[in-house]
Every structure is written in C-alpha cells, then in structure tokens.
Amino acid sequence: MNPFLNLVVRFSGVIGVVILFLVCAWCIKKGIHKRNDSWESYLKEECEANATLQTSFPFQLLLTIDWNKIPQVTSEKCEVFYHTLLSFETKKMVHLKDLSNTEVKKLYGINFFSQLIQNEETFYQFMKHLIAYGDLLEEENFLKESIQVYEYVMSFDYSNQKMRGKLMTHYE
C-alpha cells in the first residue's frame, strides 16, 4: 500500500475522532446550559412565590364534608369505621388539586403555605379512610352504600382510576 495513502487513512481516522469529540462536547455543553437556564428560571419563580404574602387565610379553600352522602349502616365493624371518619369532622381540609408547592405559594402566599399543606394532608388521610370505608361496606354486602361512598370520593377526584374501576364493576 502506498505510504502516503496509509498516512491519509490514519490521519482521517484521527480527524474523525476529534470531530466526534468536539460534537459530543458541544452537545454536553448545550445540555448543561439548557439545564442551568431551567434551574435559574425555577429559582426565580420560587423566589417570586416566596415573596408572595397574603394577609388572611384563604378560607374559601376549606372543604365542607356532606355527611349525608356518607351512609351509616347497622354493622358493628362499619359503625366503628364510620365513627373514625367522624373524627375528621372538626379538622380543616383543603384539596389543592395537584398544584405544585410553587403554585400554592404564588396563589395563597408563603405565610399560609405550611398550614395549607397540612390541611391537604388531612384531606388525603380522610379520602384514604373514606375509600377504606367504602371497601368495608362492600365487603359487608352493603353494595348500595358502598357505591354511594365511591361516588362521593369521585366527586372530589374524578380522575381516580381505582374508584372508576370499582364503580364500573357495580354498574355492570
């Protein structure tokens, strides 16, 4: 093989590796820069949210539970569980509908943030107990009442796939 041609082949391989290295380095740098921009944007948005102050608690967010929609039945197990649900009657609950922490701060202020998060946690605990109550009603053959409970759960969160599935089996 011609020595000149051999040198050109080797040199083109080296150039190819260098070009590949430069392209990769450029892509990585661009990706890091893009992440830095989004991180900076997030920090700016978070700072603005932390600066949002409200002077009064957003009482319009507090949920009122319609206890008439939660049936009480004559079964010892179910009555005990029903009274557990009643313990939530005096607790404050909110449903923030999947808002991010930053969105909650922007909308309702940083000074009520922790209270709102705590009230939302209470709501989720209530929902968990309410679903378990519906399951117990179903297990105890109070089908009409369990459907009523599941429908009430769905009134808070229609996207709840588990509840949809339970209701669909009852309606069939």
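User: Which residues does Thr 122 touch, not counting those up to four places away in sequence?

Analyst: In this predicted model, Thr 122 touches Phe 88, Lys 91, Lys 92 and Met 93 once residues up to four places away are set aside. Thr 122 itself sits in helix α4.

User: Why is Thr 122 called buried?

Analyst: Check its relative accessible area, which is 17%. The cut-off for buried is under 20%, so Thr 122 qualifies as buried.

User: And what about Trp 67, what makes that one buried?

Analyst: Same kind of check. Trp 67 has a relative accessible area of 16%, and buried means under 20%, so the label applies to Trp 67. You'll find Trp 67 in the loop between α1 (3–50) and α2. Leaving out neighbours within four places in sequence, Trp 67 is in contact with Tyr 82, Leu 85, Leu 86, Phe 88, Glu 89 and Phe 126. Take Leu 86 from that list: Trp 67 and Leu 86 are 19 residues apart in sequence and 8.6 Å apart in space, going C-alpha to C-alpha.

User: How many residues does the chain have, and what share of them is buried?

Analyst: There are 172 residues in the chain, and buried ones make up 31%.

User: OK, on to the helices. How many helices and strands does the chain have?

Analyst: Six helices and zero strands. Read from the N terminus, the elements go α-α-α-α-α-α.

User: Why is α2 described as roughly antiparallel to α4?

Analyst: The axes of α2 and α4 cross at roughly 165° and come within 10 Å. Anything over 145 degrees counts as roughly antiparallel, so α2 gets that description relative to α4. The crossing of these two, α2 and α4, is left-handed. On the α2 side the contact is made by Lys 77, Cys 78, Phe 81, Tyr 82, Thr 84 and Leu 85. On the α4 side, the residues include Phe 126, His 129, Leu 130, Tyr 133 and Leu 136. By class, the contact of α2 with α4 divides into ten nonpolar, two polar and two charged residues.

User: What makes α4 and α5 roughly antiparallel?

Analyst: Here the axes cross at roughly 155° and come within 7 Å. That angle is past the cut-off of 145 degrees, so α4 is roughly antiparallel to α5. The crossing of α4 and α5 is left-handed. From α4, residues including Phe 123, Met 127, Leu 130, Ile 131 and Gly 134 meet α5 residues, among them Leu 143, Ser 146, Val 149, Tyr 150 and Phe 156. The contact of α4 with α5 has twelve nonpolar, two polar and three charged residues.

User: Then why are α3 and α4 called oblique?

Analyst: Helix α3 (residues 101–108) and helix α4 (residues 113–139) pack at about 120°, with axes 10 Å apart. Roughly perpendicular covers 65 to 115 degrees and roughly antiparallel starts over 145. The angle of about 120° falls in neither range, so α3 and α4 are oblique to each other. As for the hand, α3 passes α4 in a right-handed crossing. Asn 101, Val 104, Lys 105 and Tyr 108 of α3 meet Phe 113, Leu 116 and Ile 117 of α4. By class, that contact of α3 with α4 has five nonpolar, one polar and one charged residues.

User: How do you know that Lys 77 and Glu 140 form a salt bridge?

Analyst: From the distance: their side chains meet at 3.7 Å, N to O. The rule asks for a Lys or Arg nitrogen within 4 Å of a carboxyl oxygen of Asp or Glu, and 3.7 Å for Lys 77 and Glu 140 meets it. The count by this rule comes to one salt bridge. The pair links distant parts of the chain, with Lys 77 in helix α2 (residues 76–86) and Glu 140 in the loop between α4 and α5 (143–156), 63 residues apart.

User: Why is Glu 140 only called partly exposed?

Analyst: Its relative accessibility is 26%. Buried needs under 20% and exposed over 50%, so Glu 140 counts as partly exposed.

User: And what makes Asn 141 exposed?

Analyst: Asn 141 has 63% relative accessibility. The cut-off is over 50%, so Asn 141 counts as exposed. Asn 141 is in the loop between α4 and α5, and its phi is near 65°, a positive value in a residue other than glycine.

Key: Residues are numbered from 1 along each chain as its sequence is written. This is a predicted model: local features need pLDDT of at least 70, side-chain atom pairs count only at pLDDT 80 or more; totals for chains, interfaces and linings use all residues. Side-chain values use heavy atoms; hydrogens and water are left out. Axes are lines fitted to C-alpha atoms, for helices over the stretch in contact, and angles run from 0 to 180 degrees between N-to-C directions. Helices (H or I, at least four residues) and strands (E, at least two) are DSSP runs, numbered from the N terminus. Angles under 35 degrees count as roughly parallel, over 145 as roughly antiparallel, 65 to 115 as roughly perpendicular and the rest as oblique. A crossing is left-handed if the near helix is turned anticlockwise from the far one by less than a right angle, and right-handed if clockwise. Contact means heavy atoms within 4.5 Å. Ala, Val, Leu, Ile, Met, Phe, Trp, Tyr, Cys and Pro count as nonpolar, Asp, Glu, Lys and Arg as charged, and the others, Gly among them, as polar. Buried means under 20% relative accessible area, exposed over 50%, partly exposed in between (1.4 Å probe, protein chains only).
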